[in-house]
Amino acid sequence: MEESDHNEQVSVEIHESDKLLACALRDKLRDESPSLAENCIFKVPWTLRRHNEASYEPKIVSIGPFHRGKNNRLEPMEEIKKWYMHCLLASLPIPPEESLQLFVQGIRELSKRTSNCYGEKIDLSESELVEVMILDGCFLIELFRKDTWLVPRHKDDPIYNTAWMLENFYHDLILLENQIPWFVLECLFNLTVSVHEQEDNFLIKLVLRFFETMMLMTVPGEYKPRGREIKHILDLLRSSLLSSSEDIEHTNTNWELFPSVTDLLTAGVSFKKGIPDDILNIEFSKGVFQIPPIRIRGNSESLFRNLIAYEQCDRHCTDKFTSYAVFLDCLINTSKDADLLVDERIIVPGLSTEDVSILFNGLYNDTLVYNFYYGGLSRKVNKYHRSQWPTWRAILRRDYFNNPWSISSFIAAILILVFTFLQTLFAILSYKNTLPI
């Protein structure tokens, strides 16, 4: 009897502990997904970051909450942000206190929407988040205005008086982790707009003008809205790079790699510079590649990697820029491949061709391309490469028609063969005529 009571007591105790654990688990559950449809600013996954961590990390300035207070080297720029905000307030027609109240009121109304833009939880109160958005947003707006001389540059301005600092800004402001929502920038711009800035899409033009020297296109970028809302600065740059390609739907999007420039030249493929205002609009027809020119410089790898990371993280983005990186990686395996594209003015280099080839090799590692934008084109290239006649024709052109002396020698050799054949033929016919009937 005592043993039975003991077993019953143990059973009850285990049951109570299970109930406590179940309650604890219930309290840890979430009532909404940790990933929201509004998410558009993300921390770069380690699988991508590990290939070149410096391409995703700010060097001198933190924008937004992800890198705020995380690194001592970013702290000096916080003082410059405060000075820039003072300059912005001083240029407005109303007292700074009234302007700041309008800023706080406008951004606080957007605070929930702002928080939802970030792909990871932000460890800030609402007031702290509002303060970060106002300080960073005003800094960016004043920076872009100074760039075009809409407001004067102070003689002691360290940003515009120091070449290395401005170059680092081009790097830092395109990082996926270093963004604030576009609607925050737009709100602050509209609260500080002057009579000279009433033109439609003026803020967009200011931003594109600022990044003009580091863009991949060889002509000024243009943004075409198409009813689509801008999410942040990196998103704006991506849209301007995609240009008209954003509306084109390609079939045969399965991944198929193709040979490099050197191998294609051996097969008789030629390369020509395409239209420069749409870098993704690559065409291949009858053995001729038409590729729009692309400008490569020091910050190009960071731009490429952050655009690819953005497409990999945002469910609303297509794989078009990642597909472009795959395409370039196929074409360029060695510095010789890059040299040939430079000769055709398809690549406008700010780096050595060795560095250009290294940049593109493995640029898309650990990415997933659902729809390869150049699937149909790669099939056409491979079909042409597998055929024999283009290869023979290319060998003839290279070995026998590459200069006037070679052409002359080849024609002379053909004539000698013809004359020899005719001489032999006449000799045979003459011999037959001398035979008795």
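Which residues is N382 in contact with, leaving aside its neighbours within four places in sequence? I looked this up before anything else. N382 is in contact with E256, L257, F258 and P259. The residue itself lies in helix α17, residues 375-386. I then checked its accessibility. N382 has a relative accessible area of 8%, so I logged it as buried, the cut-off being under 20%. I keep in mind throughout that this is a predicted model.

**Overview**

I counted secondary structure next. The chain has 19 helices and five strands. It holds 437 residues, and 45% of them are buried. I also looked at contact range. Among contacts with a separation of 6 or more, 72% are between residues 24 or more positions apart.

**The core**

I turned to the largest nonpolar core. It has 118 residues. Within it, F211, F289 and F304 touch the most other members. I asked which helix supplies the largest share of this core. It is α6, residues 126-147, with 12 residues. Where does the core lie relative to the domains? Domain 1 (46-241) and domain 2 (261-389) both give residues to it, so the core lies between them.

I followed F304 further. Not counting residues up to four places away in sequence, F304 touches L216, I294, I296, F321, Y324, L328, L359, F360 and L363. F304 also falls within the range of α13, which runs 300-313.

**Two covered helices**

I opened α8, residues 163-172. This helix is mostly covered, with seven of its 10 residues buried. I listed the buried ones as M165, L166, N168, F169, Y170, H171 and D172. What do they pack against? Their partners are α3, α6, α7 (158-161), α10 (202-210) and α13.

I went on to α10. It is mostly covered too, and seven of its nine residues are buried. Those are F202, L203, I204, L206, V207, L208 and F210. They pack against α6, α7, α8, α9 and α11 (233-242). I note that α8 appears among the partners of α10, and α10 among those of α8.

**A helix pair**

I checked how α3 (residues 76-90) meets α4. The two pack at an angle of about 110 degrees, and their axes are 9 Å apart. Are they parallel or perpendicular? Angles of 65 to 115 degrees count as roughly perpendicular, so α3 and α4 get that label. From α3, the contact uses M85, L88 and L89. From α4, it uses P96, S99, L100 and F103. By class, I find six nonpolar residues, one polar and no charged ones in this contact.

I stayed on α4 for one more residue. Q105 is found in this helix, residues 96-108. Its relative accessibility is 47%, so Q105 counts as partly exposed. I also took one C-alpha to C-alpha distance. Q105 and V130 are 25 residues apart in sequence and 9.3 Å apart in space.

**Positive phi**

I looked at backbone angles in two loops. W149 has a phi near 65 degrees, a positive value in a residue other than glycine. It is found in the loop between α6 and α7. Is W149 buried or exposed? At 56% relative accessibility, W149 counts as exposed, because the cut-off for that class is over 50%.

N201 was next. Its phi is positive, about 55 degrees, although N201 is not a glycine. It lies in the loop between α9 (182-192) and α10. With a relative accessible area of 43%, N201 is partly exposed. How many residues separate N201 and Y223 in sequence? They are 22 residues apart, and their C-alpha atoms are 9.3 Å apart in space.

Key: Residues numbered from 1 in each chain as written. Predicted model: local features only at pLDDT ≥ 70, side-chain atom pairs only at ≥ 80, totals over all residues. Heavy atoms only, no water. Core = buried A, V, L, I, M, F, W, Y, C linked by side-chain atoms within 4.5 Å. Buried < 20%, exposed > 50% of the residue type's maximum accessible area, 1.4 Å probe, protein only. Helix = DSSP H or I, 4+ residues; strand = E, 2+ residues; numbered from the N terminus. Domains from an automatic or database assignment. Contact = heavy atoms within 4.5 Å. Axes fitted to C-alpha atoms, helices over the stretch in contact; angles between N-to-C directions. Parallel < 35°, antiparallel > 145°, perpendicular 65-115°, else oblique. Nonpolar A, V, L, I, M, F, W, Y, C, P; charged D, E, K, R; others polar.
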